[in-house]
Amino acid sequence: MELPPGPRAPAAWQTIAWMARPAGFMRRVHAEFGDPATIRTFWTEQPMVLFSHPDAVRQVFGLDPAIAPAGQSWEFVRPFAGEHSILVLDGDEHLLERRLLQKPFHGERMRGFRPIVTELAQKEFAAWSGRVVTLERMRELTLEIMLRVIFGAQHGDELARLQAAIDATLEGVRSLPRVLAMALVRRDLGPRSPWGRFRVAVEHFDALLLDFLARRRHDPGRDSLLAHLFDQRDQHGDPVSDRHIRDQLVALLVGGHDSSAASLAWAFERLARHPAVRARLRDGDPAYLDAVVKEVLRARPALTIAPRLLLAPVEIAGRQLPAGVQVAACLWLALRREDLWPDASAFRPERWLDGSSHDSMSWIPFGGGVRRCAGAPFAEMEMREVLRAAAELSIRPVRPESERARRSMLVVVPDRGGEIFVG
Ligand code: HEM
């Protein structure tokens, strides 16, 4: 079975383009080969077929998980994510885990997290002046928010140590050369090699977190998410083990930290270059704030693909695809197609308020189907509250030209870190 066309350049070259200049790479692939197109990178062991038309995206998200599992596409995060992680599970186990994790991020409970986000964001912005690399600051803020939401306000010193250990672990996989080295050499070659250093950081983090959980099981703090996690029961009605809770916490911390930080850094990168949008934001209209968040997620999505590994042949958009390839809804292309989004490259929150309608499968920054982002309502609320708290800041870009996208672990970030000048 022939795969859809795609670049003929060696996989090493495609990997570098995919990592260093993802937006340009996807744009060129789409312009030259159309939809679908096949890319070959070291990101996954199999070739990957990218789809971006809403009809095809709907089919990708609707694929039976038994023949198109998503967990196997995230296999490479298993050493950190853990064997119980929602990210690597599929089928019934995945659905059970999803129900457990999603519960606290809805309704009344979710609304209860708003004051925490506002308080931490206001504290953060009070210290801003001069040149600020917003990505660095947003990484710290979103991690602090997740830690406060999960563990509550107590345990100050312990949380600071956990925060440092998480940062050290993620730092190892954020640098481009190190991620390239890890993608190329998929083995641990000792404590000084990229995989070895990552393993050592994960072991240190695990020791801290498991010790913390063992001590907190009987005193988790009344309103923290941790209390809810300790109360869970598995399918046999037994309490969930500390190791399992560790994997859930990592899924929330990893899922809810870098993606939100990248999206907020992009928000500052865009807002700094759009004074009229900033002025309208200051008016305080909640509908406009929501439109800004939606437009940031459309124009600069933090994740570029939602991949699934085919275990059996399937037909998508009239194309027969064999088992053993990855198929992906290409979020980035779907969100940037000119035929779906008039003037797609423009940052124009007004498009969300002018009454025009969009196919639900064209606005997909959170993926879709049974794997759609489990934290999406929280992520949108967090972005709204952080941008609301930032509305009065006087900001401008450090350099006038827009920042390009580069990959940092699983997300794409502004290549100069969303740098702005405050004051
Ligand atoms: C703007 C911020 C965020 C973006 C753009 C984002 C995007 C995504 C995407 C694209 C996926 C994969 C969906 C798919 O394969 O179809 C995903 C999965 C996930 N996200 Fe998010 N996310 C964000 C914030 C969060 C937050 C705040 C949390 C937790 C509180 C979170 C937790 C998760 C989890 C647990 C999964 C795995 C879901 C599953 O496999 O069933 N994310 N996210």
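A quick word on classes before we start: Ala, Val, Leu, Ile, Met, Phe, Trp, Tyr, Cys and Pro count as nonpolar, Asp, Glu, Lys and Arg as charged, and the others, Gly among them, as polar. Keep in mind, too, that this is a predicted model.

**Stop 1: the ligand.** Select the ligand and you'll find it sitting in the largest cavity. Now show what is around it: 29 residues make up the surroundings. Colour them by class and you get 17 nonpolar, nine polar and three charged residues.

**Stop 2: the iron.** Which residue is the only protein donor of the ligand's iron atom? Pick Cys373: its SG atom is the donor, at 2.3 Å. Follow the chain here and you'll see that Cys373 belongs to the loop between helix H17 (331–334) and helix H18 (376–390). Cys373 is also listed among the closest residues to the ligand, along with His94, Arg98, Arg308 and Arg371.

**Stop 3: polar contacts.** Click on Arg98 next. One of its polar side-chain atoms is 2.6 Å from an oxygen atom of the ligand. Move on to Gly368, where a backbone N or O atom lies 3.1 Å from a ligand oxygen. Then try Gly255: here a polar backbone atom is 3.2 Å from a nitrogen atom of the ligand.

**Stop 4: the shell by element.** Switch to cartoon view and highlight helix H5 (91–102), helix H13 (242–255), helix H14 (258–272), strand E4 (305–309) and H18; each of these supplies at least two residues of the shell. Which element gives the largest share? That's H14, with three residues.

Key:
Residues numbered from 1 in each chain as written. Predicted model: local features only at pLDDT ≥ 70, side-chain atom pairs only at ≥ 80, totals over all residues. Heavy atoms only, no water. Donors = N, O, S within 2.8 Å, 3.2 Å for Na, K, Ca; no water. Helix = DSSP H or I, 4+ residues; strand = E, 2+ residues; numbered from the N terminus. Near = heavy atom within 4 Å. Polar contact = N/O pair within 3.5 Å; in protein donor to acceptor, adjacent residues only side chain to side chain. 1 Å grid on protein atoms, 1.4 Å probe; cavity = no way out; pocket = protein on both sides within 12 Å on 5 of 7 lines; lining within 4 Å. Sits in = over half its atoms within 2 Å of the grid points.
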